[in-house]
Amino acid sequence: MSFSRRSFLVGAGSGLSLLVLTACTDGKPVPTPTSSPSRSLAIPRPAGMLRSKWTTDPFSLGSHSFLAVGATPQHRDDLREPVIGRLFFAGEATSNDLPGTVLGAQNSGARAAGAVADAATAGERIAVIGAGAAGAEAARLLTLDGFNVVVIEARNRPGGRIDTRTSKSWPLSVELGAWRLGKATDAALLTRLASLGVETNPFTGTLLARPGASATTENTVGPTAVKTATDWAAAQAEDSSLKSSLDKSGAAKTAASSTIDGFAGTALLDQYLASLATTNGATDSRLSSWFGIDEDVHYDRLVMGGFDALITDALDGVKTSLSTAVVGVAYSDSGVSLKLGTGESLKVDRAVVTVPLGVLQQGSIAFEPLLPFSHRAAIQALGMGAVETVWLRFDKPFWSTDAAAWNLVGTDDDFTSWINLEAVTGEPVLVGIVGGDAARRVAKLSDDQVIDSALRALVPFAGSAQPASQ
């Protein structure tokens, strides 16, 4: 049985440095902001904050795809099938080898460009809907092949779910979208980024700790429980959620009876599931036990030099129309007509559709006629994950650990995964990561509420910090 899961956005899973701290509350309530967290938490307010909003962004409606209960890799195959040689689909949701990743999206764009080139004749006009990694790569290759290419992007910027922010008030580029890669799995992408002068930083090491104590022991309870559950599920006649498989296989009960250096097994399992949610975007109640998990993925590089250079380079010289939403696609044997949000229409010979799965699921683009049943079934079956990040810039560190990533165990906070960029770049910047249902809760909070929630989660890391001046 092959299990497939890749991360498009960010997370703090296997292969990263871990700082795990214990608390003594249970449950996952919606965060309630306090009136003055700086005074009560004895840690400073950040000097700057930036956050992602992929869950509510109308042009993404989620972070990346995952295989939900009942979904299979065949649904990805079905989604990428051309429709009467006129419509071609690309994007990370159509990739079976590297779903949920920039490289998977990029490769899907190359695949779609090849399929168009096989079906089209020289000089045809090709529309590429979406200027993310898939669309940019498709447009680049089709332009090189001599086609008349136009890229149509609903956002006011290219990049899609690659979202680089630069500001004089920040000491480094802020990546609100994709930024985490693996030296082995993303070798080709890392080579291309290096050729563009985009900096990537190594991110390795493991530390398991709680206030006043630390150990090199890893959280083996969570991975062991999940492996037991997925092995059990593979022998069943029907797919089930990871949560159900953990219960029915006895893996959750076994985990509850375990301890590692004083950490309760149930809390360790919860922490691991929360960490998985920051990489696949799904809580265990939605994730397929058969196909939703891939334990062999290791990310050890962070993109810190401006990931959007990958997109701007690919689109160099390609006609690109920004702030232009496609709301309708009519197709026939004679060509494709695109209805734009401006009320205008555009006729082309063929179109490459690279919009995120969430947009397809929402029905934001009306297809006429309806897409084939296999495409509609795939769009409905696949899951769209939720991962959000918050970047906090401090004037100076209030923490004393040099661990690169922190995970809280046994807490009711939503922000349980953190990346400490001081350990990676030397800058006092922390990145909080939240996934699944927790990400959807956080997405509903105001900026001030997100900061308050983040600061509460950071209390165990405060070390010898002093209360901020009021």
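A cavity here is a set of grid points where a 1.4 Å probe fits but cannot get out. With that in mind, a search of the whole structure, which is a predicted model, finds 8 cavities of 30 Å³ or more.

**Stop 1: an enclosed space**

Go to the second largest cavity, which holds about 80 Å³ of space. Select Ala 90, Ala 93, Val 355, Leu 357 and Leu 360: of the 14 lining residues, these are the closest to the centre. Colour the lining by residue class and you should get 9 nonpolar, 3 polar and 2 charged residues.

**Stop 2: an open pocket**

Keep Val 355 selected, since this residue also turns up among those nearest the centre of the second largest pocket. Add its companions there, Phe 59, Gly 130, Glu 153 and Pro 356. The pocket has a volume of about 410 Å³, and 30 residues line it. Which elements give two or more residues to this lining? They are α4 and β17, the latter spanning 326-332. By class, the lining splits into 18 nonpolar, 8 polar and 4 charged residues.

**Stop 3: the whole chain**

Zoom out for a moment. The chain has 470 residues, and 57% of them are buried. Show the cartoon and you have 15 helices and 26 strands to look at. Take the contacts between residues at least 6 apart in sequence: 78% of these join residues at least 24 apart.

**Stop 4: two cores**

Now show side chains for Leu 142, Trp 179, Phe 307, Val 352, Trp 391 and Leu 421. These have the most contacts inside the largest nonpolar core, a set of 55 residues. Apart from that core lies another one of 35 residues, including Val 359, Leu 360, Ile 365 and Leu 382. Leu 360 should look familiar from the first stop, where it was one of the residues closest to the cavity centre.

**Stop 5: helix α5, face by face**

Select residues 187-195, which make up α5, and pick out the buried ones: Leu 189, Leu 190, Arg 192 and Leu 193. Look down the helix axis: these buried residues fall within an arc of 160 degrees, so they line one face of the helix. As background, an α-helix has 3.6 residues a turn, so residues three or four places apart point the same way. Turn to the other side of α5 and you find Ala 188, Thr 191, Ala 194 and Ser 195 exposed.

What do the buried residues of α5 pack against? Bring up α3 (102-119), α4 (133-144), β9 (180-181), β10 (200-202), β15 (301-303) and α10 (309-314). Before leaving, check Gly 197 just after the helix, where phi is positive at about 75 degrees.

**Stop 6: Glu 137**

Step across to α4 and select Glu 137. Is this residue buried or exposed? The cut-off for buried is under 20% relative accessible area, so Glu 137, at 7% relative accessibility, counts as buried. Leaving out residues up to four places away in sequence, Glu 137 touches Gln 106, Ala 110 and Arg 192. Arg 192 is one of the buried residues of α5 you have just seen.

**Stop 7: Gly 385**

Finish in the loop between β22 (383-384) and β23 (387-393), where Gly 385 sits. At 0% relative accessibility, Gly 385 counts as buried. Show what it touches beyond four places in sequence: Gly 62, Ser 63, His 64, Phe 66, Asn 280, Gly 281 and Arg 440. Then draw a C-alpha to C-alpha distance from Gly 385 to Asp 437: the two are 52 residues apart in sequence and 9.3 Å apart in space.

Terms used: Residues are numbered from 1 along each chain as its sequence is written. This is a predicted model: local features need pLDDT of at least 70, side-chain atom pairs count only at pLDDT 80 or more; totals for chains, interfaces and linings use all residues. Side-chain values use heavy atoms; hydrogens and water are left out. A nonpolar core is a set of buried Ala, Val, Leu, Ile, Met, Phe, Trp, Tyr and Cys residues joined through side-chain atoms within 4.5 Å. Buried means under 20% relative accessible area, exposed over 50%, partly exposed in between (1.4 Å probe, protein chains only). On a 1 Å grid over the protein atoms alone, a cavity is a set of points where a 1.4 Å probe fits but cannot get out, and a pocket is an open set with protein on both sides within 12 Å along at least five of seven lines; lining residues have an atom within 4 Å of a point. Grid points are joined across faces, edges and corners, and a volume is the space filled by probe spheres set on the points. Ala, Val, Leu, Ile, Met, Phe, Trp, Tyr, Cys and Pro count as nonpolar, Asp, Glu, Lys and Arg as charged, and the others, Gly among them, as polar. Helices (H or I, at least four residues) and strands (E, at least two) are DSSP runs, numbered from the N terminus. The arc is that of the directions from the helix axis to the C-beta atoms. Contact means heavy atoms within 4.5 Å.
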